[in-house]
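Reader: Could you take me through one strand up close, and then work outwards from there? Keep it casual, but spell out the cut-offs as you go.

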Amino acid sequence: MNTQDYIDLEAKYGAKNYKPLNVVLERGQGIWVWDVEGRRYLDFLSAYSAVNQGHAHPKILKALTDQAAKLPLTSRAFRNDQYPLMAKELCELTGYEKMLPMNSGAEAVETALKAARKWGYKVKGVPEGQAEIIVCDGNFAGRTISIISFSPEAQYKDGFGPFTPGFKMIPFGDADALAATITPNTVAFIVEPIQGEGGVIVPPEGYLKRVREICTANNVLLITDEVQSGLGRTGKLFAQHYDGVRADIVTIGKALSGGFYPVSAMLADKVVMDVFNPGDHGSTFGGNPLAASVARAALKVLVEENLIENAAVQGEYLMGRLRRIESPHIKEVRGRGLLIGVELHESAGGARRFCEALKEEGLLCKETHDNVIRFAPPLTITKDDIDWAFERIEKVLMAD
Ligand SMILES: *Cc1c(COP(=O)(O)O)cnc(C)c1O
């Protein structure tokens, strides 16, 4: 079967809820992937930052295969010998007292919303059914019905109502708007330290710090959604660390498994996490031994291979080079670490055609919104590989 055969099969039998680039991948190693025609590409998307550790990392692969051969799933009806170690290691790495394991990023966010509401009723004393959660314009947090209920994207909501009430939206990057929107019934403010799907939007300097102060002053939980920006992607363990901020709740996912398996988690201290009692919340696969073993290995690789520091160093290098391209198409280059967005002028005719041209040059990336190209290679990338990629990026962005 060739590329077109797979594309045709997918079109015939698969729901058409995605519009991928027309490249059919069959193998990956480190920063490289190969398609069914044997062509090699540098992966500059990393599965939306799930593959921070690089494709098929041998240490994570070993954890996966060893654990798969031993015991993949117990459910939480019984205990297993991997989940407690994952919980300990994750809490020690991130500095939170407790964690709650789920599978997808959306589930971690749902968990955070549930925790915040329950904390609001049981600890803060908000009247039953009145809890409010403040969200930002431009947010992306997944695709469940409650999450799309506060999505700013009309398409994400179209045809999916009725929606979950209890959310109020304010502009991203505007701390005054947060202060003005909080009421006695506000239980939480959820924010991405850098908006990924929103177009790699970096908020103004000091924004999160002010947000932290406002939340603390009003007894409102700060939830940072670090599903994409976390685990080293931006050159710090969490992007909020750039502002010296510690949220009350952090959601993580994506790179928590190095791309091998869906693993996500919510992090918090006891005062929040202990609102959950047996039966309040859960998931058949959350905290399963295979996931826990994979997550332990993925975190270990992140730390042992200094991937967070490498993201900072290589990110600065790449961003510096991108900023020096004198292309008529480029409006702005922004981001942190290896989460970089190149926004194009309206006149450029959309980011998609540049992504397709880059694919022809052997570099895979994806537009986010119509006019932003996101560059997010695995954090294992070297300077030489960035030079290789840059040559191609420059060529494509300099063309008409
Ligand atoms: C990807 C993403 C999610 C959702 O993760 P899924 O695993 O796709 O459910 C949530 N929040 C942010 C910031 C994300 O980038």
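Author: In strand β7, I133 has A188 as its bridge partner. Helices (H or I, at least four residues) and strands (E, at least two) are DSSP runs, numbered from the N terminus. A quick word on what you're looking at: this is a predicted model, with pLDDT of at least 70 needed for local features and 80 or more for side-chain atom pairs, while totals for chains, interfaces and linings use all residues. Residues are numbered from 1 along each chain as its sequence is written, and side-chain values use heavy atoms, leaving out hydrogens and water.

Back to I133. On β6, the residue opposite I133 is F167. The strand that carries I133, β5 (residues 132–136), runs parallel to β7 (residues 186–191), joined by 3 bridges. β5 also runs parallel to β6 (residues 167–170), this time through 4 bridges. For pairing, the rule is that DSSP finds at least two bridges between the two strands. Strands in a sheet pair through backbone hydrogen bonds, either parallel or antiparallel.

How enclosed is β5? Of its 5 residues, 5 are buried, so β5 is largely enclosed by the rest of the structure. Buried here is under 20% relative accessible area, exposed is over 50%, and partly exposed is in between (1.4 Å probe, protein chains only). In a regular strand, side chains alternate between the two faces of the sheet. In β5 both faces are covered, with E132, I134 and C136 buried on one side and I133 and V135 buried on the other.

Follow the chain around these partners and you hit a couple of backbone oddities. In the loop between α7 (154–157) and β6 sits P162, and the peptide bond from G161 to P162 is cis, with omega near 0°. In the loop between β7 and α9 (207–217) there's V200, which has a positive phi of about 55° despite not being a glycine. V200 counts as buried because its relative accessibility is 0%. A56 also has a positive phi without being a glycine, at about 50°, and its place is the loop between α2 (46–49) and α3. A56 is partly exposed because its relative accessible area is 30%.

Now for the other strands. One open sheet has 4 strands in the order β11-β12-β15-β14, paired antiparallel. β11 (330–336) and β14 (366–368) are at its edges with a single partner strand each, so one side of each has no neighbour in the sheet. From one strand to the next, the twist averages 30°. β14 pairs antiparallel with β15 (residues 372–375) over 3 bridges, and T368 has V372 in β15 as its bridge partner. V372 turns up again in the surroundings of E343, which touches H329, I330, K331, E332, R334, N371 and V372, leaving aside residues up to four places away in sequence; contact means heavy atoms within 4.5 Å. E343 itself is in strand β12 (residues 339–344) and counts as buried because its relative accessibility is 17%. Helix α12 (residues 307–323) lies across β11, β12 and β15, at about 170° to β11. Axes are lines fitted to C-alpha atoms, for helices over the stretch in contact, with angles from 0 to 180 degrees between N-to-C directions.

Another open sheet of 4 strands goes β1-β2-β3-β13, with mixed pairing. Its edge strands, β1 (25–29) and β13 (363–364), each pair on one side only. β2 (residues 32–35) and β3 (residues 40–43) are antiparallel, sharing 3 bridges, and W34 has R40 in β3 as its bridge partner.

Last, a helix pair. The axes of α4 (residues 83–94) and α11 (residues 289–304) come within 8 Å and cross at roughly 30°. α4 and α11 are therefore roughly parallel to each other, a label for angles under 35 degrees, with over 145 roughly antiparallel, 65 to 115 roughly perpendicular and the rest oblique. On the α4 side, Y83, L85, M86, E89, L90 and L93 meet A292, A295, R296, L299 and V303 of α11. Those contact residues divide into 9 nonpolar, no polar and 2 charged. Ala, Val, Leu, Ile, Met, Phe, Trp, Tyr, Cys and Pro count as nonpolar, Asp, Glu, Lys and Arg as charged, and the others, Gly among them, as polar.
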